[in-house]
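Open the model in your viewer and keep the selection panel at hand. The tour goes from the whole chain to single residues.

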Amino acid sequence: MQLSIIIVNYNVKYFLEQCLCSVQKAIEHLEAEVWVVDNASSDNSIHYLQAKFPWVNFKANLKNVGFAKANNQVLNECRGKYILFLNPDTLIPEDSLTGCITFMETKTDTGALGIRMIDGTGAFLPESKRAFPSPLTSLYKMVGLSSLFPTSAIFSRYYLPYLNEYENCEVDVLSGAFMLVRKNVLTELKGFDEAFFMYGEDIDLSYRIQKLGYKNYYFGSSTIIHFKGESTRRGSLKYVKIFYKAMSIFVKKHYAGKSAHLFTSFLHLAIWLRASASAISPFGLQKGSFLFNSFNKSGRSEKKIKTIKKRNKILVAGTKEECEEVKTLLANGGLGEITIEHLYLNAENKNELAAISNPYGATEIIFCSEKLSYSWIIDKIQHLPKKISFRFHAKGTGSIVGSDFKNTTGIVVAARKREQK
């Protein structure tokens with residue numbers, strides 16, 4: 001078998017639903033298997049997804065054992081020559097997996113491969129390629145200087161801004177959101193270090209892969225969507241504390257003497273600075289994102305979001321059947337009395353989708369994937385005006401998903417009905 005894909009899920013069944021639809025297209029011409037490990041989700045994920053995706057191997061944990069351990073639980077059962085660790089809040093294009101495997105077959109010194117990632121707005125995610133976290137580099141990241149100066153070779157060195165995001169190149173650290181690793185390498189390393197509960201395990205594995213004599217590569221020839229923000233809000237104090245704990249484990253494991261003491265001191269300083277920033281502003285350094293997240297917790301709040309955004313037209317790019325599905329989901333999604341104009345586009349003829357490039361004042365586009373390829377959709381959202389919100393729906397699914405801010409939970413539209421448990 002060429003490929004085994006492992007996805008760890010925790011309370012994001014609708015994002016995982018859309019993810020698996022994209023995965024199904026991407027493995028069509030590969031000998032592959034897919035594993036979903038559910039970390040005791042409370043949203044009825046297993047029951048909801050098993051019936052929809054009978055070709056997926058599901059494993060349900062009775063408690064949340066963390067990202068590293070959940071992946072390791074099925075590692076020995078995987079039969080693929082390559083193992084892909086994939087986040088549930090991702091969408092991948094049809095040719096991404098074959099392209100990555102071909103690259104690794106050509107470059108035999110490759111131990112692991114990452115990929116170019118964009119968020120739900122089409123913006124490049126700098127964590128797609130990273131350097132190892134030296135003390136100063138980690139400090140700059142944790143206090144937010146890397147975000148303030150994203151192109152700086154000093155303050156944003158962690159994200160290697162001097163490397164072209166569209167070119168394949170050797171890097172130090174790969175993201176656990178999409179990490180393709182040789183099975184024999186993982187067997188020798190015994191998978192992820194389970195001392196890491198959340199965050200840091202990908203840094204540790206990348207480091208150990210290099211120590212074993214292999215190289216880590218960034219694959220800029222293909223792009224995936226990583227919505228992010230589906231667990232801990234990035235940029236929040238809670239996230240910084242979790243990241244600090246993970247980095248402390250990494251330091252104790254791989255650094256010694258004065259270097260370890262210096263690193264730990266910098267990490268403590270970063271926590272203090274971020275805590276001070278949060279005390280000054282109730283919304284911290286990500287005020288707009290925090291405000292959006294606070295609105296997104298109830299049906300009443302969601303209606304307020306729609307009012308703020310002054311949404312008056314939605315374009316639905318898909319077949320007639322998909323458009324009807326979207327219309328039903330929007331009507332039954334508990335969004336309240338909102339006037340929505342639909343422009344139906346026949347996705348069977350891409351020439352008729354030329355209107356997408358000039359979307360007639362629309363504030364939101366919902367892309368459907370029965371006839372449209374994920375490759376086409378991913379390319380398109382990177383070139384459309386940023387004032388437009390993008391949503392995604394696969395035919396036959398019960399949801400529409402998207403994300404307008406990378407530091408907050410995403411947007412889900414689903415029919416509000418009682419699910420059997």
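**Whole chain.** Start with a cartoon view. The chain carries 14 helices and 15 strands. This is a predicted model, so colour by pLDDT next. The chain averages 81, and 73% of its residues reach 70 or more. Now select residues 282-311, where pLDDT is below 50. Beyond near neighbours in sequence, the model still gives this stretch 55 contacts. Then select 417-421, also with pLDDT below 50. Here the corresponding count is eight contacts.

**Surface and burial.** Switch on the surface. The accessible area of the chain is about 18400 Å², and carbon and sulfur atoms hold 52% of that. Of the 421 residues, 57% are buried. Take the contacts in the chain with a separation of 6 or more: 77% of them join residues 24 or more positions apart.

**Helix H1.** Select residues 13-26. H1 has 14 residues and spans 20 Å from its first C-alpha to its last, close to the 20 Å expected at 1.5 Å a residue. How many residues of H1 are buried? The number is 12 of the 14, so the helix is largely enclosed by the rest of the structure. Show side chains here. The buried set includes Tyr14, Phe15, Leu16, Leu20 and Val23. Polar and charged names are in it too, among them Lys13, Glu17, Gln18 and Ser22.

**The cores.** In soluble globular proteins, nonpolar side chains tend to be buried together. Which residues touch the most other members of the largest nonpolar core? Select Ile5, Leu97, Phe367 and Phe392; the core has 63 residues in total. H1 supplies the largest share of this core, eight residues. A second, separate core has 28 residues, including Val8, Ala131, Leu160 and Leu186.

**Phe392.** Zoom in on this residue and list its contacts, leaving aside neighbours within four places in sequence. Phe392 touches Gln18, Leu91, Ile225, Phe227 and Phe367. Its contacts also include Ile377, Ile381, Ser399, Ile400, Val401 and Gly402. Gln18 is one of the buried residues of H1.

**Lys371.** Finish in a loop. Lys371 lies between strand E12 (364-368) and helix H14 (374-381). Is Lys371 buried or partly exposed? Its relative accessibility is 43%, so Lys371 counts as partly exposed. Add Gly318 to the selection and draw a distance between the C-alpha atoms. The two residues are 53 apart along the chain, yet these atoms are separated by 7.1 Å.

Notes: Residues are numbered from 1 along each chain as its sequence is written. This is a predicted model: local features need pLDDT of at least 70, side-chain atom pairs count only at pLDDT 80 or more; totals for chains, interfaces and linings use all residues. Side-chain values use heavy atoms; hydrogens and water are left out. pLDDT is the predictor's confidence in each residue, from 0 to 100. Contact means heavy atoms within 4.5 Å. Helices (H or I, at least four residues) and strands (E, at least two) are DSSP runs, numbered from the N terminus. Buried means under 20% relative accessible area, exposed over 50%, partly exposed in between (1.4 Å probe, protein chains only). Accessible areas come from the Shrake-Rupley method with a 1.4 Å probe; for residues, only the protein chains shown count as cover. The expected span of a helix is 1.5 Å times one less than its number of residues. A nonpolar core is a set of buried Ala, Val, Leu, Ile, Met, Phe, Trp, Tyr and Cys residues joined through side-chain atoms within 4.5 Å.
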